[in-house]
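Biologist: I have a model open and would like to go through its side-chain pairings with you. Could we take each label in turn and see what earns it?

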Amino acid sequence: MILRSPLSYQGSKYKLMRSILAELPEHRVFHDVFGGSGTVSLNVGSSVVNYNDWDIAAYSVLRCLKNAPDPQRIIDRLDYLLDKYDLDRENDPAYYRFRGLYNHRPKAFWLWVLSKHSFSSLMRFNKQGLFNLPFGFRTIEKTAARDRWINEFWTRLQNINLHNSSYLGYVQQALTKAGSGDLFYFDPPYLASGDNVYKGRWTVANENKLLSLLDYLDGQGIRWMLSNVVRHRQHHNKILETWMRSYNVVYPTFSTRGEGYSLHSGERTRTSPNR
């Protein structure tokens, strides 16, 4: 069963997960280098799973949920907050009061609950570090299905090692122990996404540095996989398009606008893309 992450996250791989699993080479240790929502880490089922992300908010929420003594504690704490602060899909004044309380005294669990009522269930902060998304007219309904979901993601989180580091720092550290059983999965910010949440953080220089790292890993015989986007609306990542000609490219069937995703596995054998 492909499980949804407890976090909603721009670029989540939930809809692409079956394509990713179908292309994974044999491995024992999986490194989710740009872990984001944790969707890939939660569903990959490897013997050892390492999640890493530089985003302290995402990391903190996943760590908080993992460290709960049992899933029932998450359910009880969630329901307590929903009831105490009158949080539901219609009560926008309650949401803004809860947001104000969170910003006054941030807590990872509160951030998770807050995000589940925010616009698109996302987490965004202003330059002062204050959560600033408007109300999303949504909530986490009290249902048996919700409780089963919480039980399942808590159980899977117990088998994931969580790391909060830059991707380069994480990879450099991991390579000191990596062997033939390791696989590094990269889902970086997309240069072809244009003006998005990563504006000012992921540049042409960042893109070139990542692609050089993948070339290095390939030269060292270290297995890796990359998911990325070449074209999105008017944006075109020509750097990636040229670079990936040296590698095997798989085009999953998933696409919402025909712009799609590209999966690149770490093998210097080019094959005809399957569309």
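Modeller: Happily! Let's begin with the rule for charges: a salt bridge is a side-chain nitrogen of Lys or Arg within 4 Å of a carboxyl oxygen of Asp or Glu. Please keep in mind that this is a predicted model.

Biologist: What makes K13 and D187 a salt bridge?

Modeller: Their N to O distance is 3.2 Å, and the limit is 4 Å. The pair therefore meets the rule. K13 sits in the segment before α1 (17–23) and D187 in the loop between β4 (182–186) and α9 (204–219), so this contact links distant parts of the chain, 174 residues apart. Both K13 and D187 are buried.

Biologist: How many salt bridges does that rule give?

Modeller: The count comes to six. Another of them joins R156 and E152, at 2.7 Å from N to O.

Biologist: Why are R156 and E152 said to be about one helical turn apart?

Modeller: Because they are four residues apart in helix α7.

Biologist: And why is R156 called buried?

Modeller: Its relative accessibility is 17%, and buried means under 20%, so R156 qualifies. E152 is at 26%; partly exposed runs from there up to 50%, so E152 is labelled partly exposed.

Biologist: Which residues are joined into one network by salt bridges that share partners?

Modeller: D79, R146 and D147. Within that network, the closest N and O atoms of R146 and D147 are 2.9 Å apart. R146 is buried at 6% relative accessible area, whereas D147 is partly exposed at 24%.

Biologist: How do you know that R99 has no salt bridge?

Modeller: The nearest side chain of opposite charge, D92, is 11 Å away, while the rule asks for 4 Å. R99 therefore has no partner by this rule, although it is buried. R99 lies in helix α5 and touches L114, F131, N132, L133 and P134, leaving aside residues up to four places away in sequence.

Biologist: What about N43: buried or exposed?

Modeller: N43 is buried, with a relative accessible area of 9%, and the threshold is 20%. N43 belongs to helix α2 (residues 39–43). Not counting residues up to four places away in sequence, N43 touches M1, I2, L3, M17, L21 and R156. That last residue is the R156 of the salt bridge with E152.

Biologist: Now for the rings. How many aromatic pairs does a search of the whole structure find?

Modeller: The search finds 19. One of them is Y95 with F135, which is tilted.

Biologist: Why is the Y95 and F135 pair called tilted?

Modeller: Their centres are 5.2 Å apart, within the 6.5 Å limit for a pair. The planes make 40°, and tilted covers what is neither under 30 degrees nor over 60, so the label follows. Y95 lies in helix α5 (residues 92–104) and F135 in the loop between α6 (108–115) and α7 (144–157), so the pair ties together parts 40 residues apart in sequence. Y95 is buried at 0%, and F135 is buried at 6%.

Biologist: What makes the W224 and Y247 pair edge-to-face?

Modeller: The angle between their planes is 70°, and edge-to-face needs over 60. The centres lie 5.1 Å apart, so both conditions are met. W224 is in strand β5 (residues 223–228) and Y247 in the loop between α10 (238–243) and β8 (248–250), so parts 23 residues apart in sequence are tied together. W224 is buried at 1%, and Y247 at 0%.

Biologist: Why is β5 described as largely enclosed by the rest of the structure?

Modeller: Because five of its six residues are buried. β5 also pairs with β4 in the parallel sense over four bridges, and W224 is the bridge partner of F184.

Biologist: How do you know that the charged end of R4 sits over the ring of Y14?

Modeller: The charged end of R4 is 3.8 Å from the ring centre, and the distance limit is 6 Å.

Biologist: Which residues do ring pairs link into a cluster?

Modeller: F34, Y167, F186 and W202.

Definitions and conventions. Residues are numbered from 1 along each chain as its sequence is written. This is a predicted model: local features need pLDDT of at least 70, side-chain atom pairs count only at pLDDT 80 or more; totals for chains, interfaces and linings use all residues. Side-chain values use heavy atoms; hydrogens and water are left out. Rings of Phe, Tyr and Trp (its six-membered ring) pair if their centres lie within 6.5 Å; planes under 30 degrees apart count as stacked, over 60 as edge-to-face and the rest as tilted. Helices (H or I, at least four residues) and strands (E, at least two) are DSSP runs, numbered from the N terminus. Buried means under 20% relative accessible area, exposed over 50%, partly exposed in between (1.4 Å probe, protein chains only). A charge sits over a ring if NZ of Lys or CZ of Arg is within 6 Å of the ring centre and within 35 degrees of the ring normal. Contact means heavy atoms within 4.5 Å. Lys and Arg count as positive and Asp and Glu as negative; His and the chain ends are not counted. Two strands pair if DSSP finds at least two bridges between them.
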